[in-house]
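Student: I have just opened this entry. Can we go through it step by step?

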Amino acid sequence: MHLRALYLAAFLAACSATAALPVLQGSAAAQSAPVADPIALSDAMTRLQLQHAKLWFAGKLGNWALASYEVEKIDLTLEAAGKLLAAEGSIRSQVTRTKEQLEAVRQAVRLKNLSVFTKAYSSLTNECNGCHRANGYASIAIQLPAIPPVPNQLFVDQVTEGKALARASCGTCHVIADVAKESSASRPPAPDFPEIVVRSSFSADAIRQLLSSGHRRIGPAQAMANPRLTENQIEAVVAYLETLRVDRSR
Ligand code: HEC
Ligand code: HEC
């Protein structure tokens, strides 16, 4: 009997505990009001999470073109997520505040300034969490990404690296980018890169082949010493040459 009463009390206590939870969540849900499409909102937020992480690595590694790309994607995703959340005044103002912080990040990216970027990025992250807390999702806490979000994307600025590499290891013989500025009488007769990249024979694979050739001297007339680049360096040079070609054919 006594035991049964205890069980009953425990049961009742458990009931009221679980009953309290929906009340808590309910008040949170009441704030974020009806979400027309909860799956779409969750998808948008998950996308935002990925773009937020990519933005960090792009900025940290000085890949300002990629950082700028991610800023614009975040802007679009935020706008879409804002529409999915109830069109309530308080949520609108949270979206606006987050966009203001995003604007600060955009400025930092324009300035290519890492310390300004780091500060603005932290404030942006605080706005993510501020909105989560205001809407009853304090448990969704975003932080500075510790590791790159995907293993199959390069966050360094490959093209800029490739250009620097080309200057250092090809520039003694080839004109790298600007025929008017780089031509000099002391240079051996090697074809200019801006000319090479528009040849019909030009392809990324041909360059890879040429640069990874095991021969000491490479090139059609065996005129070019093998620059002995690593695979990553070859890819960077290829990336630079391909960008040069796109620029030339515009
Ligand atoms: C305007 C308010 C608001 C802002 C700003 C906001 N979020 Fe959210 N976020 C929410 C809400 C509401 C949810 C819960 C959505 C749901 O599941 O119903 C959420 C959920 C999430 C989730 C969990 C998604 C899932 O399905 O697991 C992640 C991750 C997330 N947000 C990331 C971010 C990041 C990163 C930022 C900033 C760049 C951000 N959010 C900015 C309102 C916001
Ligand atoms: C020591 C001078 C020298 C260096 C350094 C050098 N090249 Fe060359 N390269 C040449 C010469 C000379 C030719 C022309 C060969 C010919 O047409 O017979 C050539 C030709 C080429 C060609 C054209 C090949 C073809 O099929 O027509 C490419 C592409 C090329 N070089 C890329 C590079 C790259 C990339 C680097 C740096 C990683 C580099 N070269 C470094 C001298 C050099």
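**Confidence, ligand shell and a helix pair**

Student: What pLDDT does the chain average?

Tutor: This is a predicted model, and pLDDT gives the predictor's confidence in each residue. At least 70 is reached by 85% of the residues. The chain average is 85.

Student: Over which residues is the pLDDT below 50?

Tutor: Look at a stretch that has 6 contacts in the model beyond near neighbours in sequence. There the pLDDT is below 50. The stretch is residues 10-31.

Student: Which helix gives the most to the shell around ligand 1?

Tutor: The ligand is surrounded by 24 residues, and Ser42, Met45, Gln49, Cys128 and Cys131 are the closest. Two or more residues come from each of helix 2 (38-60), helix 4 (89-111) and helix 5 (114-134). The top contribution is 8 residues, and it comes from helix 2.

Student: How many charged residues does the shell around ligand 1 have?

Tutor: Sort the shell by class. Nonpolar residues number 13 and polar ones 10. The charged count is 1.

Student: At what angle do helix 9 and helix 10 pack?

Tutor: Two packed helices are described by an angle and a distance between their axes. Helix 9 covers residues 204-212 and helix 10 covers residues 231-248. Their axes are 10 Å apart, and the angle is about 145°.

Student: How many nonpolar residues are in the contact of helix 9 with helix 10?

Tutor: Helix 9 brings Ala204, Ile207, Arg208, Leu211 and Ser212. They meet Ile234, Val237, Val238, Leu241 and Glu242 of helix 10. By class, 1 is polar, 2 are charged, and the nonpolar count is 7.

Student: Is the crossing of helix 9 and helix 10 left-handed or right-handed?

Tutor: Take the same two helices, 9 and 10, with axes 10 Å apart. Their crossing is right-handed.

Definitions and conventions
Residues numbered from 1 in each chain as written. Chains lettered and ligands numbered in written order. Predicted model: local features only at pLDDT ≥ 70, side-chain atom pairs only at ≥ 80, totals over all residues. Near = placed C-beta within 6 Å. Helix = DSSP H or I, 4+ residues; strand = E, 2+ residues; numbered from the N terminus. Nonpolar A, V, L, I, M, F, W, Y, C, P; charged D, E, K, R; others polar. Axes fitted to C-alpha atoms, helices over the stretch in contact; angles between N-to-C directions. Left-handed = near helix turned anticlockwise from the far one by under 90°. Contact = placed C-beta atoms within 7 Å. pLDDT = per-residue confidence, 0-100.
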